[in-house]
Structures are given as structure tokens and as C-alpha cells.
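User: I'm new to reading protein structures and keep tripping over the vocabulary. Can we go through one together and check where the words come from?

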Amino acid sequence: MSEPLTEELLDELLSTSSIDAYLEEHEPRAVSLAEYLQQLLAEKGLERSRVVRMANLNDTFGYQIFQGTRHPSRDKVLQIAFAMALTLRETNRALTAAGVSELYCKDRRDAIIIFCLDRGCSLQKVNEELYRFGEKTIC
């Protein structure tokens, strides 16, 4: 279930004869973090237990995040993002679904995290880079 690109939606919007029909078909629905993580697990063929372990999360807490009964901090979502090898777009969508701020390249710490996400770094590697630059590690 991939999201259409903004350009595709714009083309569709501009070619529609009725704004009512377009809005009815594309009614925005907020996806919960748990729903989004379940979708990503299925798309990427990942096991929740392995992701929780790779994210260095307590088993119970990790399970509760994936079930939607606990609301993780921004750093916990980032731990999951690195454990799942998410893209920047996927990570920002997970952060938004969690109700926390997206990564912002003008923030020094976030810039390091974005750089590491883009290069497919592990959670350990991003923490090494954050430490090297004197920034707070993710976990």
C-alpha cells in the first residue's frame, strides 16, 4: 500500500471535474504508528521480535509500541527506524505517526542522523557518529 507521489496527486486533482469527488476519494486518514510499523514489517518481510532486539528495546516495551498501547519517544522511534533500515521518508512518516517532530536537516544532531539513515548505517554506527560529534546518542 504505497502512497501516491505529490506530483501524481496534483495531476489527478487538476484533471478532475469535481473537487467533491477528488476529496472523497483522497480523504486523508491519520495512520497510527502501530499500523504503519505493521505495514512496514509486512512490506520488508521483517519479524517484530528481531526488530525489537535490533533496536535495543525492552521486549515488553517494544511489543507495546507495535501493538499501539505505548507511545514511544522520538529516539525510540529512531531506534526502530535504524533497526528496520527505513528510508528518510519512511522514518519521517513514522515520526509523524508517533506525534513527534520529523528529522530536520538544519539541526546538527538530526543532520547526522539523516546522513546515517541515507547510508544505511546500523544503530550502533549512528550512535558512534553522534558520540564522535559530541551529540546525544539515540540509545
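User: What makes helix H6 count as mostly covered?

Analyst: Keep in mind that this is a predicted model. H6 runs over residues 74-83, and nine of its ten residues are buried. They are Arg74, Asp75, Val77, Leu78, Gln79, Ile80, Ala81, Phe82 and Ala83.

User: Which helices cover the buried residues of H6?

Analyst: The cover includes H3 (33-44), H4 (48-54), H5 (59-67), H7 (88-97), H8 (108-118) and H9 (123-132).

User: Let's try one residue. Why is alanine 83 called buried?

Analyst: Buried means under 20% relative accessible area. Alanine 83 comes in at 14%, so it counts as buried. This residue belongs to H6, and, apart from its neighbours within four places in sequence, it touches Val51, Met54 and Ala55.

User: And what does phenylalanine 82 touch?

Analyst: Again leaving out neighbours within four places in sequence, phenylalanine 82 is in contact with Ile113, Cys116, Leu117, Cys121, Ser122, Leu123, Val126 and Ile138. It also turns up in the largest nonpolar core, a set of 35 residues. Phe82 is among those with the most contacts inside that core, along with Ile80, Met84, Ile113, Val126 and Ile138.

User: Which element gives the most to this core?

Analyst: That's H6, with six residues. The elements that give two or more are H3, H4, H5, H6, H7, H8 and H9. As background, nonpolar side chains in soluble globular proteins tend to be buried together.

User: How do H6 and H7 pack?

Analyst: Their axes are 10 Å apart, at an angle of about 145°, and the crossing is right-handed. From H6, Arg74, Val77, Leu78 and Ala81 meet Thr91, Ala94 and Leu95 of H7. Sort the residues of this contact and you get five nonpolar, one polar and one charged.

User: What about H8 and H9?

Analyst: H8 and H9 pack at about 145° too, with axes 10 Å apart, and H8 passes H9 in a right-handed crossing. Arg109, Ile112, Ile113 and Cys116 of H8 make the contact with Val126, Glu129 and Leu130 of H9. The split here is five nonpolar, no polar and two charged.

User: Cys116 has come up a couple of times. How many disulfides are there?

Analyst: Zero, after a search of the whole structure. A disulfide is a covalent bond between the sulfur atoms of two cysteines.

User: Why is cysteine 121 not bonded to cysteine 116?

Analyst: Here the cut-off helps: a disulfide needs two cysteine sulfur atoms within 2.5 Å. The sulfur of cysteine 121 has its closest cysteine sulfur in cysteine 116, but that is 4.1 Å away, so it's too far for a bond. Cysteine 139 is in no disulfide either, as its nearest cysteine sulfur, that of cysteine 116, is 13 Å away.

User: Are those two cysteines buried or exposed: cysteine 121 and cysteine 139?

Analyst: Cysteine 121 has 18% relative accessibility, which is why it counts as buried. For cysteine 139 the value is 44%, and partly exposed covers the range between 20% and 50%. Therefore cysteine 139 is called partly exposed.

User: One last thing: what follows H6?

Analyst: Alanine 85 does, and its phi is positive, near 55°.

Key: Residues numbered from 1 in each chain as written. Predicted model: local features only at pLDDT ≥ 70, side-chain atom pairs only at ≥ 80, totals over all residues. Heavy atoms only, no water. Buried < 20%, exposed > 50% of the residue type's maximum accessible area, 1.4 Å probe, protein only. Helix = DSSP H or I, 4+ residues; strand = E, 2+ residues; numbered from the N terminus. Contact = heavy atoms within 4.5 Å. Axes fitted to C-alpha atoms, helices over the stretch in contact; angles between N-to-C directions. Left-handed = near helix turned anticlockwise from the far one by under 90°. Nonpolar A, V, L, I, M, F, W, Y, C, P; charged D, E, K, R; others polar. Core = buried A, V, L, I, M, F, W, Y, C linked by side-chain atoms within 4.5 Å.
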